[in-house]
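Dear colleague,

Please find below the structure that I am handing over to you, followed by an account of what was found in it. I should be grateful if you would read the two side by side.

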Amino acid sequence: MPVTLAVDTMSGDHGHPIAVEAALHALEAHPALRLLLVGDEAALVKTLRALKAHAHARIELVHASQVVTMSESPSKALRNKKDSSMRVAIDLVKSGRAQAAVSAGNTGALMGIARFVLKTLPGIDRPAIMSPLPAIGGTTHVLDLGANADCSAEQLFQFAVMGSACVTAMRDIAKPRVALLNIGEEEIKGNDTIKLAASMLAASTLNYQGFIEGDGIFLRPVDVVVCDGFVGNVMLKSSEGVAKLIGHFMREEFTRNLSTKMVGLVARAVLRTLANRMDPRGYNGASFLGLNGTVIKSHGSADALAFANAIKVAVQEVERDVPARIRNLAALAPANVPEVVNAAG
């Protein structure tokens, strides 16, 4: 099916050159894709000419005179940057010219603008950020990864609904296995919010698997892991740090002396395969779930390959109409919440 995306080309650590290169990769991979490249039109034209793509039939340039910086506060971006590339890209989704927006910009500003312009779906209090992580036997999808530092039990329940609906759409899993991130797997562990959320999930039609600890995200066979944004963001950044640490130690050991260098040469093919499986660029593209529209967040430091993967995620979510699936499943939440709260209280 034809898909039109708005790409915020000016935000992120590397600006429009990376975004334009990624856009060209995406157009090559998706013949039915059309892109609205949002940003400084003169700069975009110059870059497209340098890449010999200035006359590409499936690219349209949309000028935006402002840029939201990575350090800018969400409130300032919302109030003072109404012609930023980020805001214009979201406005294009609101107006219907684009079916989704992709940005590598300031996460807080992107979420604030997207929520203000697009609003949340019925039955959803707050949007959440979800991203896939590599795990034994497949992929684990975790939310929230930073949009909501404090959450009620009802909001954690809504995150589970959103995550389940998205994984069903994106992975063709009829009943995704859902778990709550906790400090232990026993029912007595955790605070009152987590325990109440567990009761609500157990009484729902979701495929709830119980509590899961941090290591279980990568080791246990579940599809969706739910937590508040504070815990989720700390977990994500810690995981990234551990992955970099392991890579650093491996390089040290394989270059320690002549013998280890020889072993490294023998193991090169295995190490390359391992690096490809663990390459974070292949998992780039976090979903802002719960909005009346599709918004995908690319990592701020993404290169062209990683940014192109974020565009790919946007295409898939549009094709599978993820917001509509969340809307349909979220309709179950109001009927379940009061009953479970009364039973718990």
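The count of disulfides in this predicted model comes to zero. A disulfide is a covalent bond between the sulfur atoms of two cysteines. The cysteine sulfur closest to that of Cys151 belongs to Cys227, and the distance of 8.4 Å is too far for a bond, because a pair of sulfur atoms has to lie within 2.5 Å to count. Seen from the other partner, the closest cysteine sulfur to Cys227 is that of Cys151. Both side chains are nevertheless in the interior category: Cys151 is buried at a relative accessible area of 16%, and Cys227 is buried at 3%.

Salt bridges

Side chains of opposite charge can pair when their charged atoms come close. Across the whole structure, the search finds eight salt bridges; three of them may be described individually, beginning with Arg97 and Glu60.

In the salt bridge between Arg97 and Glu60, the closest N and O atoms are 2.6 Å apart. This pair links distant parts of the chain, with the two positions 37 residues apart: Arg97 is in the loop between helix H4 (85-95) and strand S4 (100-103), whereas Glu60 is in strand S3 (residues 59-63). Arg97 counts as partly exposed at 42% relative accessibility, and Glu60 also falls in the partly exposed class, at 26%. The two residues belong to a network of salt bridges that links Arg34, Glu60 and Arg97.

A salt bridge also joins Asp91 to Arg87, with 3.4 Å between the closest N and O atoms. These two residues are four apart in helix H4, and so about one helical turn separates them. An α-helix has 3.6 residues a turn, so residues three or four places apart point the same way. Asp91 is partly exposed, with a relative accessible area of 29%, whereas Arg87 is buried, with a value of 11%.

Between Arg220 and Glu185 there is a salt bridge whose closest N and O atoms are 3.5 Å apart. Arg220 is placed in the loop between helix H8 (216-219) and strand S9 (224-226), and Glu185 in the loop between strand S7 (177-181) and H7, so the pair ties together parts that are 35 residues apart in sequence. Arg220 is partly exposed at a relative accessible area of 22%, and Glu185 is partly exposed at 44%.

Helix H7

Which residues of helix H7 (residues 192-202) are buried? They are Ile194, Ala197, Ala198, Met200 and Leu201. These residues lie on the same side of H7, because the arc that they cover around the axis is only 165 degrees. Asp192 and Ala202, by contrast, are exposed on the other side of H7. At the N-terminal end of H7, Asn191 acts as the cap, with a side-chain oxygen 3.2 Å from the backbone nitrogen of Thr193.

Aromatic rings and Lys119

The structure holds zero aromatic pairs. An aromatic ring does, however, take part in a contact with a charged side chain: Lys119 lies over the face of Phe116, at 4.8 Å from the ring centre. Lys119 is found in the loop between helix H5 (107-118) and strand S5 (128-135), and is partly exposed, with a relative accessible area of 42%.

Backbone geometry

Most residues other than glycine have a negative phi, and most peptide bonds are trans. Against that background, three places in the backbone deserve mention.

Lys119 has a phi near 65 degrees, which is a positive value in a residue other than glycine. Asp321 likewise has a positive phi, near 50 degrees, and is not a glycine. The position of Asp321 is in the loop between helix H12 (304-319) and helix H13 (322-330), and this residue is partly exposed, with a relative accessible area of 42%.

The peptide bond from Leu143 to Asp144 is cis, with omega near 10 degrees. Asp144 lies in the loop between strand S6 (138-143) and helix H6 (153-171).

With kind regards

Note on methods. Residues are numbered from 1 along each chain as its sequence is written. This is a predicted model: local features need pLDDT of at least 70, side-chain atom pairs count only at pLDDT 80 or more; totals for chains, interfaces and linings use all residues. Side-chain values use heavy atoms; hydrogens and water are left out. Buried means under 20% relative accessible area, exposed over 50%, partly exposed in between (1.4 Å probe, protein chains only). The arc is that of the directions from the helix axis to the C-beta atoms. A polar contact is a pair of N or O atoms within 3.5 Å; within protein, one must be able to donate a hydrogen and the other to accept it, and residues adjacent in sequence count only if both atoms are side-chain atoms. Rings of Phe, Tyr and Trp (its six-membered ring) pair if their centres lie within 6.5 Å; planes under 30 degrees apart count as stacked, over 60 as edge-to-face and the rest as tilted. A charge sits over a ring if NZ of Lys or CZ of Arg is within 6 Å of the ring centre and within 35 degrees of the ring normal. A salt bridge is a side-chain nitrogen of Lys or Arg within 4 Å of a carboxyl oxygen of Asp or Glu.
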